[in-house]
Amino acid sequence: MLIYVDSKEFRGGSMKKVRNWRLTLGWQILIGLILGVVLGASFYHNQVAITVMQNLGTMFIHMIQMIVLPIVVSCLTVGIAGMGDVSELGRVGLKTLIYFEVLTTIALIVGMIFANVFHPGTYIDIHSLQSTDISSYVETAKAAKSNSGIWATLMNIIPTNIFSSLAEGNMMPVIFFSVLFGLGLTAIGKQGQILIDALTAVQEVMFKVTNWIMHFSPIGVCALIGVTIAQMGIDALKPLGLFVLITYVAMLFFVLVVLGLVAKFHNINFFELLKVIKNELILAFSTASSEAALPKMIDKMQKYGVSQGIVSFVIPTGYTFNLDGSAIYQAVGALFLAQAYGIHLTLGHQITLLVVLMITSKGMAGVPGASFVVLLATVATIGVPMSGLTFIAGVDRIIDMGRTAVNVVGNSLAAIIMGKSEGEFDEEKHRKYVGNL
């Protein structure tokens with residue numbers, strides 16, 4: 001929204017009020033999004049413009065990635081140290097993972113229902129579509145499948161070298177180490193307070209740096225959207241328009257109905273929450289990057305009233321295990337391809353597909369391009385040739401924008417629910433924060 005700052009100045013002995021109008025960050029990002037579409041359409045297949053926009057967008061994402069892990073490590077360590085109770089941490093962890101599994105399963109079911117009701121795959125000729133190179137995804141899928149399974153997933157959570165995990169940006173090993181480190185600081189008493197104070201200062205510094213970086217977000221958003229449109233063109237959306245539309249309608253239904261009902265059950269004003277995180281939603285949508293919104297989400301949920309320990313554990317963990325938007329896309333995508341190839345799936349086949357998606361989505365957690373990789377690892381079980389993925393890879397970025405925004409909503413709501421269920425939600429702090437919006 002438009003806001004202004006009042007100031008006063010003297011002119012001819014009288015005081016005159018001056019209004020300095022400026023755009024909020026949310027509007028700046030939205031304008032960047034629109035401008036990116038215009039630039040992308042204007043410079044379609046222009047390699048010079050694509051290179052410039054690609055580099056600007058990558059620089060912005062790199063700046064975000066630069067601050068994510070320091071924020072997660074400092075906030076989670078300090079939060080766990082403040083919690084100081086292993087039994088409480090275990091209870092929170094178990095409740096969080098169960099909640100994530102239930103919501104992700106519901107998201108998969110919603111996606112399958114919409115794909116069955118609207119049958120988007122029956123209205124296209126799959127062989128008339130333009131294919132896209134997915135060789136990088138195939139290699140990632142092969143590497144990920146060799147490391148998939150419950151035991152492999154559990155083993156990958158435990159880091160052999162925490163510095164290596166930090167360098168590679170592996171979130172779950174970093175979370176695991178930070179939790180143990182926080183408990184260790186509590187266990188040694190006063191000696192640990194020195195490090196707790198230092199890490200508290202680190203998180204304050206990183207939040208300040210985050211605010212600085214956010215000033216560049218409109219440029220980053222404009223570049224990332226621009227390069228996407230410039231590479232594939234708006235015309236590429238037309239043949240797969242129904243697939244994209246059904247996926248977005250399913251995600252919108254999940255957010256407004258499913259998450260809305262979950263919020264109401266826990267006495268949470270859902271639309272108030274959406275208003276609070278609107279800037280982060282626009283940022284996540286336009287960049288298609290959960291990491292872009294993560295630093296501000298941690299900061300905002302603490303200001304919203306959730307304790308630091310809950311926020312620092314639930315939100316980073318959710319970006320690995322609570323990918324509701326991705327689950328909807330995987331379900332719709334798998335059934336879309338089956339329909340396009342004329343493969344009839346009975347109820348038994350679809351239940352099997354649901355189970356396979358539940359397993360593979362957890363096994364691929366943290367893998368680059370995880371949503372697309374899960375589809376690669378799944379479609380063969382229902383008889384869809386892997387080459388079918390080449391036809392929808394071109395619009396994956398467009399859908400990725402929506403599913404990333406859904407993931408942000410789901411994880412922010414999860415943090416509030418876990419905070420309330422543990423008595424770690426400050427109602428007074430919440431009222432003051434919302435009242436000042």
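## A helix-rich predicted fold

F271 is exposed, with 59% relative accessible area. Here exposed means over 50% relative accessible area, buried means under 20%, and partly exposed is anything in between (1.4 Å probe, protein chains only). F271 sits in helix α11. G260 is 11 residues away from F271 in sequence, with 8.4 Å between the two C-alpha atoms.

A quick word on what you're looking at: this is a predicted model, so local features need pLDDT of at least 70 and side-chain atom pairs count only at pLDDT 80 or more, while totals for chains, interfaces and linings use all residues. Residues are numbered from 1 along each chain as its sequence is written, and side-chain values use heavy atoms, with hydrogens and water left out.

**The overall picture**

The protein's secondary structure adds up to 20 helices and two strands. Helices (H or I, at least four residues) and strands (E, at least two) are DSSP runs, numbered from the N terminus. Of the 437 residues in the protein, 53% are buried. Take the contacts (heavy atoms within 4.5 Å) between residues at least 6 apart in sequence: 82% of them join residues at least 24 apart.

**Cores**

In soluble globular proteins, nonpolar side chains tend to be buried together. A nonpolar core here is a set of buried Ala, Val, Leu, Ile, Met, Phe, Trp, Tyr and Cys residues joined through side-chain atoms within 4.5 Å. The largest one has 123 residues, and I392 and L413 touch the most other members. Setting aside neighbours within four places in sequence, L413 contacts Y99, L259, V262, A263, I268, F270 and L273. There's also a second, separate core of six residues, among them M53, A223, V227 and A230.

**Three helix pairs**

Two packed helices are described by the angle between their axes and the distance between the axes. The axes are lines fitted to C-alpha atoms, for helices over the stretch in contact, and angles run from 0 to 180 degrees between N-to-C directions. Angles under 35 degrees count as roughly parallel, over 145 as roughly antiparallel, 65 to 115 as roughly perpendicular and the rest as oblique.

Start with α2 (residues 47-83) and α9 (residues 217-232): their axes come within 8 Å and cross at roughly 135 degrees, so the two are oblique. The crossing of α2 past α9 is left-handed, a label used when the near helix is turned anticlockwise from the far one by less than a right angle (clockwise would be right-handed). On the α2 side you'll find I50, M53, Q54, L56, G57, F60 and I61, which meet S217, G220, A223, L224, G226, V227, A230 and Q231 of α9. That contact splits into nine nonpolar, six polar and no charged residues. For this tally, Ala, Val, Leu, Ile, Met, Phe, Trp, Tyr, Cys and Pro count as nonpolar, Asp, Glu, Lys and Arg as charged, and the others, Gly among them, as polar.

Next up, α1 (residues 25-42) packs on α12 (residues 278-287) at about 20 degrees, with the axes 9 Å apart. That makes the pair roughly parallel. α1 also passes α12 in a left-handed crossing. Here L25, G26, I29, L30 and L33 from α1 meet N279, I282, L283, F285 and S286 from α12. The contact has seven nonpolar, three polar and no charged residues.

Finally, α8 (residues 190-214) and α13 (residues 290-304) pack at about 125 degrees, axes 10 Å apart, and are therefore oblique. Their crossing is left-handed. F207, T210, N211 and M214 of α8 meet A292, P295, K296, I298, D299 and Q302 of α13. This contact divides into five nonpolar, three polar and two charged residues.

**A few residues to click on**

| Residue | Location | Relative accessibility | Class |
|---|---|---|---|
| N279 | helix α12 | 16% | buried |
| H45 | loop between α1 and α2 | 46% | partly exposed |
| N267 | loop between α10 (241-265) and α11 (270-276) | 64% | exposed |

Apart from neighbours within four places in sequence, N279 contacts L25, G26, I29 and K300.

What about the backbone? Most residues other than glycine have a negative phi, and most peptide bonds are trans. H45, which isn't a glycine, has a positive phi near 60 degrees. N267, another non-glycine residue, has a positive phi near 55 degrees.
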